[in-house]
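Here is a short tour of one protein chain, told through its helices, its cores and a few single residues. Please keep the structure open as you read.

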Amino acid sequence: MSDSNDWTAAEGRPAEGVITLRLLTEADLPAYKALRDAMLARHEQAFTSDAETERAREASSYRVRLHPQAGGKSLFTLGAWSGERLVGALTCEHENRKKVMHVAHLIGMMVDDEVRGRGIGKRLLRQALALLRREPRLETVTLSVTAGNQAAIALYRQAGFTRYGHLPRAIRLSDGRYYAKDLMSLDLRP
């Protein structure tokens, strides 16, 4: 991301505490891992990664989610902070292959259960899309969401995403239950 480390955004009512959004850095990786581990354990149907495997990972292994120079496909991971506590995160990836480098992917949207309903997911999504729109090469952004997660689907639709596909049995949990994923996209250059 070009110049994307030059901002932070804070918003909130004093009684509820101020939520600050900023790009994650290497120093934030332990907090990111703790949030991710908790979310995977509590909401296994919402993620394609499983809690047991991810719990075994070192926090430093998520370095590739911070920026392209870290060696992965990630453009950035945006975090939502309540004081010193990471309460939400959203990662954006893209491909470096020529034919698809105009497409970005939002992955791993998570908001801690204790702060749900305060608009944190909406703010993360809005800021991520603003950052993506700064990148002239990007034209489309995609995501997948567990079918039936009406709150998340409504959030994405409100932001302009439309469903372009449905993958039945996309996730199989350890107890044998299956969950479908809806595939959604948004044109960044309407």
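In this predicted model, H3 passes H4 in a right-handed crossing. The axes of the two helices, H3 and H4, come within 11 Å and cross at roughly 35 degrees. On the H3 side, the contact is made by Gly121, Lys122 and Leu125, and on the H4 side by Leu155, Tyr156 and Gln158.

How much of H3 is covered? Of its 14 residues, 10 are buried, so H3 is mostly covered. Those buried residues are Ile120, Gly121, Arg123, Leu124, Leu125, Gln127, Ala128, Leu129, Leu131 and Leu132. From its first C-alpha to its last, H3 reaches 20 Å, close to the 20 Å expected at 1.5 Å a residue.

**The cores**

The largest nonpolar core has 34 residues, and those with the most contacts inside it are Leu106, Leu132, Tyr156 and Phe161. Two or more residues come from each of these elements: strand S2 (19-23), S3, S4, S5, H3, strand S6 (140-146), helix H4 (150-158) and strand S8 (178-187). H3 gives the most to this core, with 7 residues. There is also a second, separate core of 15 residues, which includes Tyr32, Phe47, Leu86 and Met110.

**Helix H1**

Does the length of H1 fit, or depart from, what its residue count predicts? What should its 14 residues span at 1.5 Å a residue? The expected figure is 20 Å, and the end C-alpha atoms of H1 (residues 29-42) are 20 Å apart, which agrees. The buried residues of H1 are Leu29, Tyr32, Lys33, Leu35, Arg36, Asp37, Met39 and Leu40. They pack against helix H2 (51-55), strand S3 (74-82), strand S4 (85-94) and S5.

**Three single residues**

The table sets three residues side by side.

| Residue | Place | Relative accessibility | State |
|---|---|---|---|
| Aspartate 112 | loop between S5 and H3 | 7% | buried |
| Glutamate 93 | strand S4 | 17% | buried |
| Arginine 169 | strand S7 | 56% | exposed |

Let us begin with aspartate 112, in the loop between strand S5 (103-111) and helix H3 (120-133). Its relative accessible area is 7%, which is under 20%, so aspartate 112 is buried. What does its side chain make a polar contact with? The partner is the side chain of arginine 85, at 3.1 Å. Leaving aside neighbours within four places in sequence, aspartate 112 is in contact with Leu35, Met39, Arg42, Arg85 and Val87. Of these, Leu35 and Met39 are among the buried residues of H1.

Glutamate 93 lies in strand S4. Why does glutamate 93 count as buried? Its relative accessibility is 17%, and the cut-off is under 20%, so it falls on the buried side. Not counting residues up to four places away in sequence, glutamate 93 touches Lys73, Ser74, Leu75, Ala104, His105 and Ile107. The C-alpha atoms of glutamate 93 and threonine 142 are separated by 9.8 Å, although the two residues are 49 residues apart along the chain.

Finally, arginine 169 has its place in strand S7 (residues 162-172). Is arginine 169 buried or exposed? At 56% relative accessibility it passes the mark of over 50%, so it counts as exposed. The backbone of arginine 169 also deserves a look: phi is near 55 degrees, a positive value in a residue other than glycine.

Definitions and conventions: Residues are numbered from 1 along each chain as its sequence is written. This is a predicted model: local features need pLDDT of at least 70, side-chain atom pairs count only at pLDDT 80 or more; totals for chains, interfaces and linings use all residues. Side-chain values use heavy atoms; hydrogens and water are left out. Helices (H or I, at least four residues) and strands (E, at least two) are DSSP runs, numbered from the N terminus. Buried means under 20% relative accessible area, exposed over 50%, partly exposed in between (1.4 Å probe, protein chains only). A polar contact is a pair of N or O atoms within 3.5 Å; within protein, one must be able to donate a hydrogen and the other to accept it, and residues adjacent in sequence count only if both atoms are side-chain atoms. Contact means heavy atoms within 4.5 Å. The expected span of a helix is 1.5 Å times one less than its number of residues. A nonpolar core is a set of buried Ala, Val, Leu, Ile, Met, Phe, Trp, Tyr and Cys residues joined through side-chain atoms within 4.5 Å. Axes are lines fitted to C-alpha atoms, for helices over the stretch in contact, and angles run from 0 to 180 degrees between N-to-C directions. A crossing is left-handed if the near helix is turned anticlockwise from the far one by less than a right angle, and right-handed if clockwise.
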